[in-house]
Protein chains: 2
Amino acid sequence: MKPGVDISAECEFSGTDGARVQETQGKLLDDLTASKLARTFKALSDPTRVRILSALSQRELCVHELAASLEMSQSAISHQLHTLRDMRLVRFRKEGRHVYYALDDEHIEVLFQCGLDHVEHE
Amino acid sequence: MKPGVDISAECEFSGTDGARVQETQGKLLDDLTASKLARTFKALSDPTRVRILSALSQRELCVHELAASLEMSQSAISHQLHTLRDMRLVRFRKEGRHVYYALDDEHIEVLFQCGLDHVEHE
């Protein structure tokens, strides 16, 4: 056993069951969808963006309320909201002089909550 | 309006409703949890790791079956599995000469499926 090599991660026997592999390949995500999904998760891989989603999982909020809640500047919050909007993780509506942000749809709420349950379940 | 500035992202009126902000802050994720959650999403932000989860969402698989399904080397797959194990996104069990991998728990299945529903819902 080579030092630093985790043998538990590899099989000693490398013969493959062709039918199982073929079936798995048939249902595997294609490259384009896998890249899109990876980009969505990447948009969620920043602590500030996670905290913005945490705030929006409570209620819709104005940019200036988000900025005050996270104790950050409006422009810093706007920058992160831009990334979240690009990946359709949040949506906004204008009402008079205000711009309200919310989680895009119920998928995002579940996505956020599932991730949170996972990290809190230790 | 300055060119290149998306005014839709900022509120013109920056007065804050103290009670709403205070309530939001009270339920906001703390820094440590937000960082953990961001790291979990970061582990999911790679197309190969997404495809591994896609394969494991069908059934548990040996490392060599994963390698054959994704048409990659066992060592490349093992490397990605290591990251996924670190974040408790997959678990493994040994059976004789084989090492079987599976999604860690039902949270991960829902997390993966919700993300997928989101990118396919365009």
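## Close-up views of a predicted two-chain model

**View 1. The hairpin of β2(A) and β3(A), with a glycine at its turn.** Two residues sit between the strands of this hairpin, and A:Gly96 has a positive phi near 60°. Keep in mind as you look around that this is a predicted model. Strand β2 (residues 90-95) and strand β3 (residues 98-103) of chain A run antiparallel and are held together by six bridges. To find one matched pair, start at A:Val90 and look across to A:Leu103 in β3(A).

**View 2. The whole sheet of chain A.** Step back from the hairpin and you'll see an open sheet of three strands, in the order β1-β3-β2 (chain A), with antiparallel pairing. Which strands are at the edges? They are β1 (61-62) and β2 of chain A, and each of them pairs on one side only. On the β1 side, two bridges link β1(A) to β3(A), again in the antiparallel sense. A handy pair to look for here is A:Cys62, which stands opposite A:Tyr100 in β3(A). While you're tracing the strands, here's a rule of thumb: side chains in a regular strand alternate between the two faces of the sheet.

**View 3. The sheet of chain B.** Chain B has an open sheet as well, with three strands in the order β1-β3-β2 and antiparallel pairing. Its β1 (61-62) and β2 (90-95) stand at the edges with a single partner strand each, so one side of each has no neighbour in the sheet. Between β2(B) and strand β3 (residues 98-103) of chain B there are six bridges, and the two strands pair in the antiparallel sense. Try spotting B:Arg91, whose bridge partner in β3(B) is B:Ala102.

**View 4. Chain A from end to end.** Count along chain A and you should get six helices and three strands. Starting from the N terminus, the elements go α-α-α-β-α-α-β-β-α. Of the 122 residues in chain A, 39% are buried. Now look at the contacts with a separation of 6 or more in chain A: 48% of them come from residues 24 or more positions apart.

**View 5. How confident is the predictor?** Chain A has a mean pLDDT of 88, and 86% of its residues reach 70 or more. Within chain A, confidence is highest in helix α3 (residues 47-56), at 97, and lowest in helix α1 (residues 18-27), at a mean of 89. Be wary of residues 1-8 of chain A, where the pLDDT is below 50. Beyond near neighbours in sequence, that stretch has five contacts in the model. For the complex, the predictor gives an ipTM of 0.86 and a pTM of 0.87.

**View 6. Where the two chains meet.** A turn of 180° with a shift of 0.0 Å along the axis lays chain A on chain B, with an RMSD of 0.0 Å. That's the relation of a two-fold axis. The same surface serves both copies, as 100% of the contact residues of chain A recur in chain B. How many residues does the contact take from each chain? It takes 62 residues from chain A and 62 residues from chain B. On the side of chain A that touches chain B, they split into 27 nonpolar, 20 polar and 15 charged residues.

**View 7. Helix α6 of chain B and its neighbours.** Helix α6 (residues 106-120) of chain B has 15 residues, which should span 21 Å at 1.5 Å a residue; its end C-alpha atoms are 21 Å apart, so the two agree. Among the buried residues of α6(B) are B:Ile108, B:Leu111, B:Phe112 and B:Gly115. An α-helix has 3.6 residues a turn, so residues three or four places apart point the same way. What do the buried residues of α6(B) pack against? Their partners are α2 (31-43) and α6 (106-120) of chain A, together with α3 (47-56) and β3 of chain B.

**View 8. Glu71 in both chains.** A:Glu71 isn't a glycine, yet it has a positive phi of about 55°. You'll find A:Glu71 in the loop between α4 (63-70) and α5 (74-86) of chain A. Is A:Glu71 buried or exposed? A:Glu71 is exposed, because it has just 8 other C-beta atoms within 10 Å, and the cut-off for exposed is 12 or fewer. In chain B, B:Glu71 has a positive phi near 55° and lies in the loop between α4 (63-70) and α5 (74-86) of that chain. B:Glu71 is exposed too, with 9 other C-beta atoms within 10 Å.

Notes. Residues are numbered from 1 along each chain as its sequence is written. Chains are lettered from A and ligands numbered from 1 in the order in which they are written. This is a predicted model: local features need pLDDT of at least 70, side-chain atom pairs count only at pLDDT 80 or more; totals for chains, interfaces and linings use all residues. Copies are superposed by least squares on the C-alpha atoms of residues with pLDDT of at least 70 in both. Two residues are in contact if their C-beta atoms, placed from the backbone, lie within 7 Å. Ala, Val, Leu, Ile, Met, Phe, Trp, Tyr, Cys and Pro count as nonpolar, Asp, Glu, Lys and Arg as charged, and the others, Gly among them, as polar. Helices (H or I, at least four residues) and strands (E, at least two) are DSSP runs, numbered from the N terminus. A residue is buried if 20 or more other C-beta atoms lie within 10 Å of its own, exposed if 12 or fewer, and partly exposed in between; C-beta atoms are placed from the backbone. Two strands pair if DSSP finds at least two bridges between them. pLDDT is the predictor's confidence in each residue, from 0 to 100. The expected span of a helix is 1.5 Å times one less than its number of residues.
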